[in-house]
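This note sets out points for a colleague to consider while inspecting the coordinates. The points are numbered for ease of reply.

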Amino acid sequence: MTSGVLCNEGQNILLPRPGFCLYNTVAGSRNIETRLYNLQADKNWEVDLAHMESLIDDKTACVLINNPSNPCGSNFTKAHLNAILAVCERHQIPLISDEIYADMVFGDQVFTPTGLADHDSLAKQWLVPGWRMGWIMIHDRNNALADVRRGLFALSTLINGPCGIVQAAIPKILTQVPADYLPELNAQLEQHARILESELNKVDGIEVISPQGAMYVMFEGIANDADFCHQLKWEENVELLPGECFNYPGTVRLVITPPKDILKAATERIAAFCARHRK
Ligand SMILES: *Cc1c(COP(=O)(O)O)cnc(C)c1O
């Protein structure tokens, strides 16, 4: 909805690489050109700001960021967010900030919202991705986005979205959550991530990219990520997503939400698979 309301056909939107694939799909279906700016693996996946800025032209309708990141698991600092905002401000371009992993950060990491303070996400914080339920906040100090607000409302009426039962559950979900729910969830996710890291780093040829948040672990060192995932699924019944889904070949992504014993079994199978196939 946000890209639909901000971009006209023939305009372009700036998206992160690596990044969540749905943005491309949605933009492509509306004849919006996508331009991928690089995230820097060696700089904690911060945006290559010079690269981002070089992609902006008079047809650029908006910039999208995703923080914390799927698939990188990175968490931007406030300084970095301000630097991104400065680029957008210089070019007077609105920023879409997909913060579906808001507050899902590990250890002493602090999540910084880009616009308004405090908010929750539903699909990921409450582990209900199928619900297709979320919200958009418009940060509009100068009342420049009144049309955008109207447009979003109009677009929302086009969607055959979540049913009334799901909507009716939200007030309770948001107000009756024990205070330790999110810290405990984050601690559990972090523990899962660290198990995967330590187990997979033992496998020759694999290097795990350590996440700071969200619910994924990536590893690199894979010659052909699509083949790797396909073959792994047939031989070991372990399903990973190839980096090519995130415009980032040579890597694969694991989801860290399954129970620990399942993750352990998966790492053993990945290790056996790699031992058989390593070149
Ligand atoms: C999961 C996800 C979403 C959307 O989640 P829904 O299940 O459709 O609510 C949006 N952005 C990112 C980056 C995600 O990983």
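1. Asn-31 is partly exposed, because its relative accessibility of 48% falls between the limits of 20% and 50%. The residue sits in the loop that runs between α2 and β2 (33-40). Its phi is near 55°, a positive value in a residue other than glycine. The model is a predicted one, and the backbone at Asn-31 should be read with that in mind.

2. A positive phi also occurs at Asn-247, where the angle is about 55° although the residue is not a glycine. Asn-247 belongs to the loop between β8 and β9. With a relative accessible area of 30%, Asn-247 is partly exposed.

3. The loop between β8 (241-242) and β9 (251-255) also holds Gly-243. Is Gly-243 buried or exposed? Its relative accessible area is 1%, so Gly-243 counts as buried, the limit being under 20%. Leaving aside neighbours within four places in sequence, its contacts are Asp-225, Tyr-248, Pro-249, Thr-251 and Val-252. The C-alpha atoms of Gly-243 and Ile-138 are separated by 32 Å, the two residues being 105 residues apart along the chain.

4. Two cis peptide bonds deserve inspection. One leads from Arg-17 to Pro-18, with omega near 0°, and Pro-18 is placed in the loop between β1 (12-17) and α2 (22-29). Another leads from Asn-67 to Pro-68, with omega near -15°; Pro-68 lies in the loop between β4 and α4.

5. Asn-70 is likewise in the loop between β4 (60-66) and α4. A relative accessibility of 3% makes Asn-70 buried. Its side chain makes a polar contact of 2.8 Å with the side chain of Arg-253. Not counting residues up to four places away in sequence, Asn-70 touches Gly-19, Phe-20, Tyr-101, Tyr-216, Phe-246 and Arg-253. Asn-70, Phe-20 and Tyr-101 are also among the residues around the ligand.

6. The remaining residues around the ligand are Tyr-23, Asn-66, Asp-98, Ile-100, Ala-123, Lys-124, Pro-129 and Arg-132. By class, this shell comprises 6 nonpolar, 2 polar and 3 charged residues.

7. Which atoms approach the oxygen atoms of the ligand? An N or O atom in the side chain of Tyr-101 is 2.6 Å from a ligand oxygen. A polar side-chain atom of Lys-124 lies 3.1 Å from an oxygen of the ligand. Pro-129 contributes through its backbone, with an N or O atom 2.7 Å from a ligand oxygen. The ligand taken alone exposes 380 Å², of which the protein buries 85%.

8. How many salt bridges does the whole structure contain? A search finds 12. Side chains of opposite charge can pair when their charged atoms come close. One of these bridges joins Glu-53 to Arg-90, with an N to O distance of 2.8 Å. The pair links distant parts of the chain: Glu-53 is in helix α3 (residues 49-54) and Arg-90 in helix α4 (residues 78-91), 37 residues apart. Glu-53 is partly exposed at 23% relative accessible area, whereas Arg-90, at 53%, counts as exposed.

9. A bridge within one helix is formed by Glu-190 and Arg-194, whose closest N and O atoms are 3.4 Å apart. The two are separated by about one helical turn, because they are 4 residues apart in helix α7 (residues 181-201). Glu-190 is partly exposed, with a relative accessible area of 22%, and Arg-194 is partly exposed at 29%.

10. The side chains of Glu-236 and Arg-276 form another salt bridge, at 3.0 Å from N to O. This pair connects distant parts of the chain, Glu-236 being in helix α8 (residues 225-236) and Arg-276 in helix α9 (residues 260-277), 40 residues apart. Glu-236 is buried at 13% relative accessibility, while Arg-276 is partly exposed at 47%. Elsewhere, salt bridges with shared partners join Glu-33, Arg-35 and Asp-57 into one network.

Key:
Residues are numbered from 1 along each chain as its sequence is written. This is a predicted model: local features need pLDDT of at least 70, side-chain atom pairs count only at pLDDT 80 or more; totals for chains, interfaces and linings use all residues. Side-chain values use heavy atoms; hydrogens and water are left out. A residue is near a molecule or strand if one of its heavy atoms lies within 4 Å of it. A polar contact is a pair of N or O atoms within 3.5 Å; within protein, one must be able to donate a hydrogen and the other to accept it, and residues adjacent in sequence count only if both atoms are side-chain atoms. Accessible areas come from the Shrake-Rupley method with a 1.4 Å probe; for residues, only the protein chains shown count as cover. Ala, Val, Leu, Ile, Met, Phe, Trp, Tyr, Cys and Pro count as nonpolar, Asp, Glu, Lys and Arg as charged, and the others, Gly among them, as polar. A salt bridge is a side-chain nitrogen of Lys or Arg within 4 Å of a carboxyl oxygen of Asp or Glu. Buried means under 20% relative accessible area, exposed over 50%, partly exposed in between (1.4 Å probe, protein chains only). Contact means heavy atoms within 4.5 Å.
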